[in-house]
Each structure stands twice: as C-alpha cells, then as structure tokens.
Amino acid sequence: MSKAVVIGTGFGGLSSAVRLVAKGYDVTMVDKNNDPGGRARRFTRDGFSFDAGPTVITAPYLIEELFALLGEDMKEYLELLPVDPFYRVAFDDQTHFDYVGDRDRLLENIKQLEPKDVEGYEKFYKHACEIFDIGYTRLADYPFSSWKDMVKIMPDFMRLQNYKTVYGLASKYFKSEKLRQVFSFQPLLVGGNPFTITSIYLLIHPLERKWGVHFPKGGTYSIVEALVKLLKKRGVEFIYGDEVSRLEVSNKKIHTVQTLSGKSIPADVVVNNGDPTYTYTNLIDKKHLMYNKPWLVKKMKQSMSLFVAYFGTNREYKDLKQHTIVLGPRYKGLLDDIFKKQVLAKDFSLYLHASKRTDENLYPDGKDGFYVLSPVPNNKSGIDWSKEGEGYFQRILESLEGRMMPGLRDSLETSFYITPDYFKNQLLSTDGAAFGIEPLFRQSAYFRYHNQSSDISNMFFVGANTHPGAGIPGVLNSAKVTDRLINNIKRPVRSHGTQYDASQEQR
Ligand SMILES: Cc1cc2nc3c(=O)[nH]c(=O)nc-3n(C[C@H](O)[C@H](O)[C@H](O)COP(=O)(O)OP(=O)(O)OC[C@H]3O[C@@H](n4cnc5c(N)ncnc54)[C@H](O)[C@@H]3O)c2cc1C
C-alpha cells in the first residue's frame with residue numbers, strides 16, 4: 001500500500017486525506033497544533049467555546065461529496081442549518097441592509113435603499129452569474145499547471161471585464177454607495193481588497209445565492225470533528241503537537257518527512273496543507289529548488305491579517321443576526337490603510353459572529369457567545385501587537401456597545417483575542433497573513449502556488465495558498481484539484497508546472 005503523509009489538518013488537509021483514503025493510500029496526518037482544524041479549530045475558555053475562524057458555510061455539496069466518496073452519508077454525521085439573512089450589513093449612520101438569498105426579498109430590500117438600483121441589481125446578477133459559470137463551474141476544481149491554461153481563459157476574462165475590480169463592477173451597476181459596499185465586501189472574506197481584486201471574485205454572490213449560507217449544528221468545528229471521525233474510522237493516523245521540520249528529498253521526490261520531535265515518516269506522496277512560502281524557505285534544502293527559490297517565494301504578496309476577539313456574556317443579544325458586517329465611517333480609505341499603507345487605523349470595519357442566533361443550544365439560557373473580527377495589516381506593517389492589542393480590543397468593545405450591544409463591557413464573562421502574531425506563530429503563516437497569499441490577478445490560477453510542486457514531483461499543495469484560493473469552498477476545491485493531479489503522479493515534471501492532460505478529464 002502506498003504511503004501518503006498529509007502536513008496540516010486544516011480543511012485542505014482533511015479533505016485531501018479523505019480523497020487519498022478513497023484512492024487506497026495509507027494516510028498519516030501531522031499537525032503542529034494539539035487539535036485539528038487549523039484556522040477552523042475551536043477555542044474553549046471559562047465554559048464557553050468558540051469557532052476560531054470560518055462561520056459562513058457555503059457550497060455544502062463539497063462537504064457532502066467527501067462523505068459520499070467513502071460510501072457514507074453526511075447527514076449521519078452533521079446537520080447544516082440554513083442562515084437567514086445571509087448577513088446584516090450595518091452602516092455607520094445606524095441604518096442597515098439585510099442581504100438575503102430569496103430574490104424577491106432581496107429586491108425589496110434594495111428598493112428600500114435605492115429604487116433605481118433594482119434594475120441595476122438584475123444586470124449585476126446576470127453579469128455575476130456569467131462570471132460564476134466560467135470562474136467557478138469550469139475552473140475552480142481544475143488545475144492550472146501550464147501557462148497555456150491561462151491563455152485559454154483570456155478571451156472570457158476580457159469579455160467578462162475581469163480586468164475591472166470587484167468594486168469597479170459593483171459601481172457600474174449600483175448608484176447607491178451603500179449598495180456598492182454591500183455587493184463588494186465579499187472578497188474581504190478571502191483576504192482580497194475589493195478595490196484591487198479582479199472582478200472574477202464576484203462569483204461569490206451567485207455561489208451564495210445558489211447553495212445558500214449555512215451553519216452547522218454545534219458550530220463549524222462540528223464539520224472538523226465529523227471529518228476526523230470519518231478518517232479515524234478508515235484507519236488514518238493523526239499525529240498532533242508535532243511540527244514537520246524537514247522534508248528529505250532525492251531525485252526530485254520527498255522520501256521522508258521529519259518532525260521536530262524526531263519522527264521520520266517515509267512517504268510516497270506528501271500533501272502539504274501548510275504555507276508554501278514557509279515550506280520552500282524552511283523545510284527543503286534549497287539545492288533541490290529550481291523554480292521556488294527562497295528569495296523568489298519571499299516576494300509573493302501575503303494577504304491582510306485579522307484581529308479576532310472572542311467573548312462570552314452573561315446576557316443574550318437576541319436582536320443581533322448570525323452574521324453582521326459592521327461598516328465604519330470609511331470604506332476605501334480604511335482598505336487603503338490596511339492593504340497599501342499598512343497602518344493601524346483609528347476606525348475599523350468589523351464582522352460580528354453571533355452563533356447562538358442559529359443554534360440556540362450553543363450556550364445555556366441567559367448566556368451568549370460571540371467573536372468579532374477586524375481586518376488589519378499583516379506583520380509587514382511592523383505593528384507591535386503586544387502594545388497595541390489591548391487598546392484596539394477596548395476600542396472595538398466600546399464601538400459594539402455604542403452601536404448594537406448595550407451593556408456589553410459589564411456583561412463579559414470571558415474574553416481573549418488573537419492578532420497577526422497568532423497566524424505567524426501558531427499556523428506558520430508568512431507575515432502573519434490570515435488568508436495565505438493575496439488573491440491578486442498576478443497571484444491567481446497559474447500564477448498562484450501550483451497544486452503540484454514544480455520542483456518536487458510528489459509534493460502537492462492544498463489549502464488557501466494554492467488554486468483556487470482561500471475560504472472553505474476554495475480550499476475544498478483545491479483538494480479536488482490535487483486529487484486529479486495525484487492520478488498523474490508517475491508522469492515526469494516538465495518546465496514550470498506539471499504535465500497534466502486536461503483533455504483526459506471527465507467533467
Ligand atoms: C477568522 C477567520 C474567519 C474566516 N471566516 C470564513 C468563513 O466564514 N467562511 C469561509 O469559507 N472561510 C472563512 N475563512 C477562511 C478559511 O477559514 C480558510 O481559508 C481555510 O480554513 C484555510 O484552510 P487551509 O486548509 O488552507 O489551512 P489551515 O486551516 O490554515 O490549516 C493548516 C494547518 O497546517 C498546520 N501546519 C502548517 N505548517 C505545519 C508544519 N510544518 N507541520 C505541521 N503542521 C503544520 C497548521 O498548524 C494548520 O493546522 C476565515 C478565516 C479566518 C482566519
């Protein structure tokens with residue numbers, strides 16, 4: 001039986017492990033943390049538990065098909081609850097917009113804000129669906145291993161105006177500045193700046209409308225637990241609390257995975273859910289690297305980071321929605337501070353997660369649990385979070401208390417926060433980026449880290465840093481791409497990419 005080692009138990013690693021088991025591999029998973037999930041792990045403090053990261057679950061078919069691959073039914077492991085509204089967008093002037101999946105309700109909400117934009121929305125949606133048909137349906141789970149794959153998509157790219165930015169296209173269709181923000185903030189959920197990211201990312205909106213927004217009973221971590229249970233049942237070995245420190249290579253192939261605790265694990269295939277920049281810089285002797293030299297990969301632009309505060313209260317906030325985007329007074333100016341100037345602004349935009357609104361069993365009667373996140377610059381900024389963190393947290397609490405959570409500071413039973421330092425130190429993410437490399441056009445598809453290493457033929461990347469990108473649907477699709485490539489593992493590596501014959505795919 002061939003041996004596969006999966007580095008990292010994020011959604012990318014877990015879903016790849018399922019696919020490797022289905023192919024008949026003997027799988028060992030290694031994670032530096034003591035628990036699975038990576039960015040989707042669970043924190044527990046003072047009797048409260050919190051999902052650490054993803055909370056907006058879209059495209060559930062991608063999770064269902066993992067269970068089906070191993071002959072199981074997801075419903076035996078997991079219950080996905082619908083979320084309505086998808087999000088509430090709260091503006092700085094105390095008004096709000098409910099972003100819902102139902103077309104008629106959505107049009108009514110748009111009309112309330114700006115009647116002229118109802119027609120604009122219909123055109124916007126048509127355009128976004130055309131982008132979805134190409135950018136998601138045809139390309140999301142498909143490898144970009146050759147520059148020729150890139151050339152093939154250019155006519156569609158031009159026709160669909162993907163040289164424009166997400167905000168640029170939203171502005172074309174909406175007159176209301178508020179609606180421009182409502183229909184352009186989504187790339188922030190995958191680490192992109194709406195003012196620079198290609199409009200391909202408008203596909204997020206049709207994706208949400210097509211399959212809905214969901215939240216698992218028990219929280220997102222229930223999906224992680226379900227996948228771990230499934231994998232254990234099929235004999236997968238999990239090694240926690242041990243970091244992969246070296247990948248031993250000969251003849252362009254990894255033969256042994258070394259860990260900090262001194263384990264040497266032989267491997268025929270390595271699926272790497274860790275950060276490729278970190279991998280090429282720290283884990284492989286540079287004499288084996290022709291294309292991904294450390295000085296070159298360090299030039300990749302990392303995404304923004306996040307400040308995330310978790311808190312439990314001794315009262316409930318039943319008026320809140322599950323997901324609230326709390327916009328501040330500035331939109332473009334704030335994003336410039338985060339992405340371009342890389343400074344910590346005085347104001348902020350927030351995402352507030354109130355999990356009990358969909359799953360009332362998450363906290364006992366009279367108690368409630370939340371997290372609030374704020375996009376912040378990554379560690380290239382030089383911000384000293386040991387000095388800035390507490391003040392920043394207090395300002396966020398004050399703002400939430402004034403805007404939507406009266407009496408918040410007096411009702412806190414527990415609270416703690418993570419900063420870009422967490423992403424750097426706990427998840428080994430370069431520059432403390434929260435979403436891997438930034439989804440710029442020059443770092444997308446063929447220009448993103450290849451799903452099969454161009455230097456090491458039996459190392460495959462999965463997760464946010466590789467095609468198609470961050471976010472749970474992206475990461476689960478990256479495992480599908482990798483799955484297709486592993487079929488071709490015996491083929492020799494050629495130029496800057498792999499020899500992958502797209503015409504052989506059955507789609
Ligand atoms: C706060 C937050 C909120 C988010 N909200 C959403 C959302 O609502 N919806 C959505 O779809 N997406 C969301 N995202 C994005 C999404 O969570 C991520 O894109 C996705 O979970 C990343 O999964 P991954 O498989 O790439 O890797 P990760 O989850 O980062 O896992 C990688 C794992 O590899 C391990 N590792 C790395 N290097 C080594 C090594 N050398 N040795 C051993 N182990 C190693 C790490 O410890 C980690 O466990 C959010 C992200 C964050 C941070």
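**Notebook: ligand shell, domains and core**

I began with the ligand in this predicted model. Of the 36 residues around the ligand, I found that Gly8, Gly10, Gly12, Gly38 and Gly463 come nearest.

I then sorted the shell around the ligand by class and counted 19 nonpolar, 13 polar and four charged residues.

I next asked which elements each supply at least two residues of this shell. They are helix 1 (11–23), strand 14 (305–313) and helix 16 (472–486). Helix 1 gives the largest share, three residues.

I looked up the domain division and noted domain 1 (3–80 + 217–300 + 439–504), domain 2 (104–212) and domain 3 (304–425). I recorded that the ligand shell draws residues from both domain 1 and domain 3, so it lies between them.

I turned to domain 1 and domain 2, whose centres, taken over C-alpha atoms, are separated by 28 Å. Their contact takes 28 residues from domain 1 and 21 residues from domain 2. On the side of domain 1 that touches domain 2, helix 16 and strand 21 (497–498) each supply at least two residues. The largest share of that side, seven residues, belongs to helix 16. By class, I noted 15 nonpolar, eleven polar and two charged residues on that side of domain 1. Helix 16 thus appears in my entries twice, for the ligand shell and for the side of domain 1 that touches domain 2.

Lastly, I examined the largest nonpolar core, which has 142 residues. Ala17, Leu203 and Val270 touch the most other members. I followed Leu203 further: leaving aside its neighbours within four places in sequence, Leu203 is in contact with Ala128, Ile131, Phe132, Gly135 and Tyr136.

Technical notes. Residues are numbered from 1 along each chain as its sequence is written. This is a predicted model: local features need pLDDT of at least 70, side-chain atom pairs count only at pLDDT 80 or more; totals for chains, interfaces and linings use all residues. A nonpolar core is a set of buried Ala, Val, Leu, Ile, Met, Phe, Trp, Tyr and Cys residues joined through C-beta atoms within 7 Å. A residue is buried if 20 or more other C-beta atoms lie within 10 Å of its own, exposed if 12 or fewer, and partly exposed in between; C-beta atoms are placed from the backbone. Two residues are in contact if their C-beta atoms, placed from the backbone, lie within 7 Å. A residue is near a molecule or strand if its C-beta atom, placed from the backbone, lies within 6 Å of it. Helices (H or I, at least four residues) and strands (E, at least two) are DSSP runs, numbered from the N terminus. Ala, Val, Leu, Ile, Met, Phe, Trp, Tyr, Cys and Pro count as nonpolar, Asp, Glu, Lys and Arg as charged, and the others, Gly among them, as polar. Domain bounds come from an automatic or database domain assignment.
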